[in-house]
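Hi,

Here is the structure I promised to pass on. Have a look at it first, and my notes on what turned up follow below.

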Amino acid sequence: MIRLSLLFVLLGAAAVFGGTLSPEFLEWEGRIVGGSNAVSGQFPYQVSLRSSANTHFCGASILNNRYVLTAAHCTQGRTLANTRVVVGTHLLNSGGFAHASSRIIIHPSYNPSTLANDISMVQTTVAIAFNQFAQPIGLSSTFVNTAAGAVVTGWGQLGANAGIPNNLQWLRTDIITLANCRSRHSAANSARVFDNTICTLSPVGRGMCMGDAGGPLVHGGLQHGIVSWGIPCGLGSPDVFARTSSHINWILANAV
């Protein structure tokens, strides 16, 4: 794997995430570093959420032909007109199909101060047409404690001084236990590793940095997590995702 660099922002603003947030608590700017180029059709479930100006702001995954799954902090405060769903491409500047949004559903227990239940869905105005480049991803209904070789995808910066690549990036990381995850975070941040989250860890200086906020964590052909939060990458601290198996009943009840 390629040695990591990180461009990150401190989420210290009380207006965004509350005044009690630990100074170590950081949000990724929707970028992966240290990944590899994906090829066309390799990750057909990957979605790019974009503004009305066609600017990518978060990742997501295709849930079914009308809904995509993402993080609540990606959609909170956004209007339908400023939330477009682009599917079927591994490139930001070409290909794929852009869908307008007709509905944004944020988990009713989402807490922007702690990022608890950081999950939401976006409904498209017309059905997503499935083909070799656009396919739904199944959701894991099993609580996985540990697993090697999970995959995170997103459009990410390749280094500290590099720009955002046009090509979708992917990289492998390992799922670790919640106890292990909490033990590697500060006391303040370990309190935000909830039982309904899932964590990954890569070797120091390598592995996952940012998986496009809202993007999928996949293992064994199923989605296990939604990128939520992390602290500076490559330093041995785990990354935290909303766990799909813990939210699957809410997802299935609302994605209709």
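A word on pairing before I use it: two strands count as paired here if DSSP finds at least two bridges between them. With that in mind, start at Val 152, which stands opposite Leu 171 in β13. Do bear in mind throughout that this is a predicted model.

**The overall picture**

The chain has five helices and 17 strands. Of its 256 residues, 57% are buried. Among contacts with a separation of 6 or more, 72% are between residues 24 or more positions apart. The accessible surface is about 9900 Å², and carbon and sulfur atoms account for 54% of that.

**Around β13**

Back to the strand I opened with. Which strands pair with β13 in the antiparallel sense over six bridges and over three? The six bridges are with β12 (residues 147-154), and the three are with β14. Strand β3 (residues 36-37) also runs antiparallel to β13, joined to it by two bridges.

If you want residues to click on, Asn 37 has Gln 169 in β13 as its bridge partner, and Asp 174 is matched with Leu 201 in β14. Strand β13 itself covers residues 169-176, and six of those eight residues are buried, so the rest of the structure largely encloses it.

**The disulfides**

Searching the whole structure gives two disulfides. As a reminder, a disulfide is a covalent bond between the sulfur atoms of two cysteines. Counting bonded cysteines along the chain, the pattern is 1-2, 3-4.

One of them joins Cys 58 and Cys 74, with the sulfur atoms 2.1 Å apart. The two cysteines are 16 residues apart, Cys 58 in strand β5 (residues 56-62) and Cys 74 in helix α2 (residues 72-75), and the pair links distant parts of the chain. The torsion about this S-S bond is about -80°, so the disulfide is left-handed. Buried means under 20% relative accessible area, so Cys 58 at 5% is buried, and Cys 74 at 4% is buried too.

The other disulfide is between Cys 181 and Cys 199, again with sulfur atoms 2.1 Å apart. Cys 181 sits in helix α3 (residues 178-183) and Cys 199 in strand β14 (residues 197-201), so the link ties together parts that are 18 residues apart in sequence. The link is left-handed, with -70° about the S-S bond. What about accessibility at this site? Cys 181 is at 0% relative accessibility and therefore counts as buried, and Cys 199 is buried with a relative accessible area of 0%.

One more residue to look at with Cys 58 is Val 227: their C-alpha atoms are separated by 9.8 Å, although the two positions lie 169 residues apart along the chain. Val 227 belongs to strand β16 (residues 222-229), and at 0% relative accessibility Val 227 counts as buried.

**The cores**

In soluble globular proteins, nonpolar side chains tend to be buried together. The largest nonpolar core here has 27 residues, and Val 47, Val 68, Met 121 and Ile 251 have the most contacts inside it. At least two residues of this core come from each of β4 (46-50), β5, β6 (67-70), β7 (84-87), β10 (120-124) and α5 (244-254). Domain 1 (46-136 + 249-255) and domain 2 (137-245) both contribute residues, so this core lies between them.

Met 121 is a good place to centre the view. Setting aside neighbours within four places in sequence, its contacts include Leu 63, Tyr 67, Val 68, Ile 105, Trp 250 and Ile 251.

A second, separate core of twelve residues includes Ala 72, Ile 176, Cys 199 and Leu 201. You will recognise Cys 199 from the disulfide with Cys 181, and Leu 201 as the bridge partner of Asp 174.

**Helix α5**

Which residues of α5 are buried? They are Thr 244, Ser 245, His 247, Ile 248, Trp 250 and Ile 251. The buried residues of α5 pack against β6, β9 (101-106), β10, β11 (138-139), β16 and β17 (239-243). Strand β16 is also where you find Val 227.

Cheers

Technical notes:
Residues numbered from 1 in each chain as written. Predicted model: local features only at pLDDT ≥ 70, side-chain atom pairs only at ≥ 80, totals over all residues. Heavy atoms only, no water. Helix = DSSP H or I, 4+ residues; strand = E, 2+ residues; numbered from the N terminus. Buried < 20%, exposed > 50% of the residue type's maximum accessible area, 1.4 Å probe, protein only. Contact = heavy atoms within 4.5 Å. Areas by Shrake-Rupley, 256 points an atom, 1.4 Å probe, with all protein chains shown as cover. Disulfide = S-S within 2.5 Å. Core = buried A, V, L, I, M, F, W, Y, C linked by side-chain atoms within 4.5 Å. Domains from an automatic or database assignment.
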